[in-house]
Amino acid sequence: MKDMHLDGAQAVLKALEYEGVDTVFGMPGGAILPVYDPLMESSIRHILVRHEQGAGHMASGYAHATGRPGVAMVTSGPAATNMVTPLLDAYMDSIPMVCITGQVALPAIGTDAFQEADTTGITMSTTKHNYLVTDVNEIPQVIHDAFHLATTGRPGPVLVDIPKDLVAAGSPKAQMEWYDPSGHDLPGYNPRTEGDPAAIAAAVELIIAAERPVIYSGGGILRSRAAQALLELAELTGIPVVTTLMNRGGFPDDHPQCLGMPGMHGNYTAVMAMQESDLLIALGARFDDRVTGDRGTFAPDAKVIHVDIDPAELSKVRHAHVPIAGDANAIISAMVGGLRAAGVADAQPDRSSWHQRISGWQEKYPLTFDDHQAGDLLKPQAVVETLRDNTPDDTIVVAGVGQHQMWASQHWTFNHPYTWINSGGLGTMGYAVPAAIGAQVGMPDRTVWAIDGDGCFQMTAQELTTAAVEKIPVKIAILNNGYLGMVRQWQELFYDERFSETHLGANVPNYKMMAESMGCVGFTVDSPEAVQATIEEANAITDRPVVIDFRTQHDEKVYPMVPAGASNSELIIHPSQRES
Amino acid sequence: MSDTIDTAGNVPVWHTLMVRVENKAGVLARIAGLFSRRGFNIESLAVAPTDDDRFSRITIVVDVSSASIDQIVKQLDKLINVVEIRELNPATSIERELLLATCLVGTAEDRRDLLDLVQIFDANVLNVGFDQLMVSLAGSQRRLDDFEALLGRYGIVDIQRTGKIALSELAKVDDGGMQADTAR
């Protein structure tokens, strides 16, 4: 498109439209105000949040659910600093996001102007990359580059900071002729996608020789859209698969080879299978400390094949015998080809004794929890299972951080990719409500349930007002135990039951009234008989958000558990499974 | 540069990296931020534009007792503005550093001795005060370390070293363009 005179504000919106953006989550303010004016004529839907952190997590939830980059736009200073947490959250979990921030006018930068913050300085370590635009003519190309960086290689958040005098309609510095951006002049950015064929061949050899192999699948499976390739690799070789917290749904839970989640609150079988394996096939996983426990004693006999798009992850934590940098989908497909060519079915050793050990663990140590006792409040695990059994199979489940997150991950059956959204790496309490809203905006025809804790809910609940006004029918199940439950659990187990500052109280706020005040439907459930009926009632509401306050037993703990820093072999199992 | 031992008992091991970066605002902050965030130690860092004004060249001397050189290079390479990283092999690279120092020369004898030292090291006198001399020396890090140690007896009023810059040694025979340093 040639000879189109635009001001910087119009150019920002045109650049976003050029990238195919349909939704922006944000909130206007002084420095970004000029960009909000032409927004009234744009095709882009804007979701007006109540706090900028909400916009960031909504963009992240949207990206998780759709695979398209989420976009947030906020003003300078405090709005930009409110965006720091969502940016780092997305960076840790490799979520593609583009954030536009307003900045004070160029001559005011560095003068401690009103609502000035060194946004690019502050977000340098919380983004994959960031830009401070200094010339209006850069806008189309910088935004084009930002989307390219956010969505390619290892995905992540990219921030573009734009001074007000480059977008203000009347400003002489804000006048430009639109041009369609083309290509990317990024000489230092060449992400490798194809894996080294020699390394892939070496991986094939290790796989064929292994006696006790385990596929350790991480969030990279979802980011590279490799769920189908993973299924092929697993079925071709018969090797069992663990799915990390970031890859729940990336391999179907009801598949006989699926061992579920490993790690600190992983199930016994997933933890032990990795621990006892002689070959870990790590696909898009990064040996996070919550998975490995004490590194020195983690999977002591295992050789490692490590596939990751980010070369810096290879041998960062655990030495990789076969490191392969590149895109998981491409590399897994190449491995499948190599294994077929090598006649894997006949070439592999008989692994039946390994598989018997695994099924023995599964039989002896399934996930379990105590039955409900009369007079007690609800069992949170039972609430999760009832919710699971009374919602569509492809329901998108969103969690915050803490006990409720672990119970949701453990007790839900994830059979489809992109149905589980949570804050993994950063562990951001308050993630669920805004992320669920973002997911629902991206996937309007799906049922979206947030499973949240009462502590988490109070951090970002104000965004339910956003959802009510925008008629975004997310559903929130609060597992309300009146405590910062996971911290309480640590205090009970490791701090002699000294419950320092973890009691929130289950009755204040009144969650039903709080929900109603924000334009949502609110329910309170405290008896097991009412759980299913209330869920069904909530499912029938499709024109506004619903909040159910499930009153749960406060001393319920997440089992199994590997104490922080301990070896995975020191897994604490549910009391009913311990030898007396 | 003394081989001091940190509290964890690690003896520093120095590697020299040549890093070519895009000449963009904030690129030095990105590198400094990365090193501080990941706990990598920098011994010295020298930066200047190259003949191509799109790029600058940075020579970084890093301590690899804190992290593997592999991890340092890979993390640096993740920075979008970093275009190329080469690890210079000390055995086959030519390195130079510049030192400026102001020394106290209270007596005629001290002044004569210091001028002797300047002559022996092929250093230069840059400025003369009534009881002080300012000297400079360019050379290898080792040579500068020796010179600095010997200046010590005169009382160093002020000293500034630039940090090392380095290039690969040139081939002495036609080896088909084999590089002495390691492309990363």
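Strands are DSSP runs of E of at least two residues, numbered from the N terminus, and helices are runs of H or I of at least four residues. The model shown in these views is predicted.

**View 1. Cis peptide bond at A:P560, in the segment after strand 20 of chain A.** A:P560 belongs to the segment that comes after strand 20 of chain A. The bond that joins A:Y559 to A:P560 is in the cis form, and its omega is near -5°.

**View 2. Cis peptide bond between A:V508 and A:P509.** Omega is near 0° for the bond leading from A:V508 to A:P509, which is therefore displayed as cis. A:P509 sits in a loop of chain A, with helix 21 (485–494) before it and helix 22 (511–517) after it.

**View 3. Surroundings of the buried residue A:N568.** A:N568 is located in the segment after strand 20 (546–551) of chain A. Its relative accessible area is 2%, so A:N568 is classed as buried, the limit being under 20%. A polar atom of the A:N568 side chain lies 3.0 Å from the backbone oxygen of A:V291. A polar atom of that side chain is also found 3.3 Å from the backbone oxygen of A:T292. Leaving aside residues up to four places away in sequence, A:N568 is in contact with A:V271, A:M272, A:Q275, A:V291, A:T292, A:G293, A:F298 and A:V562.

**View 4. A:F287 and its contacts in chain A.** The loop that links strand 12 (279–283) to helix 12 (289–292) of chain A contains A:F287. A:F287 has a relative accessibility of 3% and is therefore counted as buried. Residues touched by A:F287, apart from those up to four places away in sequence, are A:Y216, A:L280, A:A282, A:T292, A:F298, A:V304, A:H306, A:V317 and A:R318. The C-alpha atom of A:F287 is 9.5 Å from that of A:S315, a residue 28 positions away along the chain.

**View 5. Positive phi at A:S315.** Although A:S315 is not a glycine, its phi is positive, at about 65°. A:S315 lies in the loop of chain A that runs from strand 13 (303–308) to strand 14 (322–325). With a relative accessible area of 30%, A:S315 is partly exposed.

**View 6. Positive phi at A:K471.** A:K471, a residue other than glycine, has a positive phi near 55°. In chain A, A:K471 is part of the loop between helix 20 (463–469) and strand 18 (475–480). A:K471 is exposed, because its relative accessible area of 60% is over the limit of 50%.

**View 7. Packing of helix 8 and helix 13 of chain A.** Helix 8 (residues 197–209) and helix 13 (residues 328–341) of chain A pack with axes 9 Å apart, at an angle of about 60°. Helix 8 of chain A is therefore oblique to helix 13 of chain A. Their crossing is right-handed. Helix 8 of chain A contributes A:I200, A:A203, A:V204, A:I207 and A:I208 to the contact, and helix 13 of chain A contributes A:I331, A:A334, A:M335, A:G338 and A:L339. Nine residues in the contact between helix 8 and helix 13 of chain A are nonpolar, one is polar and none is charged.

**View 8. Packing of helix 1 and helix 7 of chain A.** The axes of helix 1 (residues 8–18) and helix 7 (residues 139–151) of chain A cross at roughly 35° and come within 9 Å. The crossing of helix 1 and helix 7 of chain A is right-handed. On helix 1 of chain A the contact is made by A:G8, A:A11, A:V12, A:A15, A:L16 and A:Y18, and on helix 7 of chain A by A:I139, A:P140, A:I143, A:H144 and A:F147. The contact of helix 1 with helix 7 of chain A has nine nonpolar residues and two polar residues, with no charged residues.

**View 9. Buried residues of helix 5 of chain A.** In helix 5 (residues 84–92) of chain A, the buried residues are A:V84, A:P86, A:L87, A:D89 and A:A90. These buried residues pack against helix 3 (52–66), helix 4 (78–82), strand 5 (97–103), helix 6 (119–122) and strand 7 (157–163) of chain A. After helix 5 of chain A comes A:S94, with a positive phi near 55°.

**View 10. Chain B, with four helices and ten strands.** The order of elements in chain B, from the N terminus on, is β-α-β-β-α-β-β-α-β-β-α-β-β-β. Of the 184 residues in chain B, 39% are buried. Among contacts in chain B with a separation of 6 or more, 72% are between residues 24 or more positions apart.

Note on methods: Residues are numbered from 1 along each chain as its sequence is written. Chains are lettered from A and ligands numbered from 1 in the order in which they are written. This is a predicted model: local features need pLDDT of at least 70, side-chain atom pairs count only at pLDDT 80 or more; totals for chains, interfaces and linings use all residues. Side-chain values use heavy atoms; hydrogens and water are left out. Axes are lines fitted to C-alpha atoms, for helices over the stretch in contact, and angles run from 0 to 180 degrees between N-to-C directions. Angles under 35 degrees count as roughly parallel, over 145 as roughly antiparallel, 65 to 115 as roughly perpendicular and the rest as oblique. A crossing is left-handed if the near helix is turned anticlockwise from the far one by less than a right angle, and right-handed if clockwise. Contact means heavy atoms within 4.5 Å. Ala, Val, Leu, Ile, Met, Phe, Trp, Tyr, Cys and Pro count as nonpolar, Asp, Glu, Lys and Arg as charged, and the others, Gly among them, as polar. Buried means under 20% relative accessible area, exposed over 50%, partly exposed in between (1.4 Å probe, protein chains only). A polar contact is a pair of N or O atoms within 3.5 Å; within protein, one must be able to donate a hydrogen and the other to accept it, and residues adjacent in sequence count only if both atoms are side-chain atoms.
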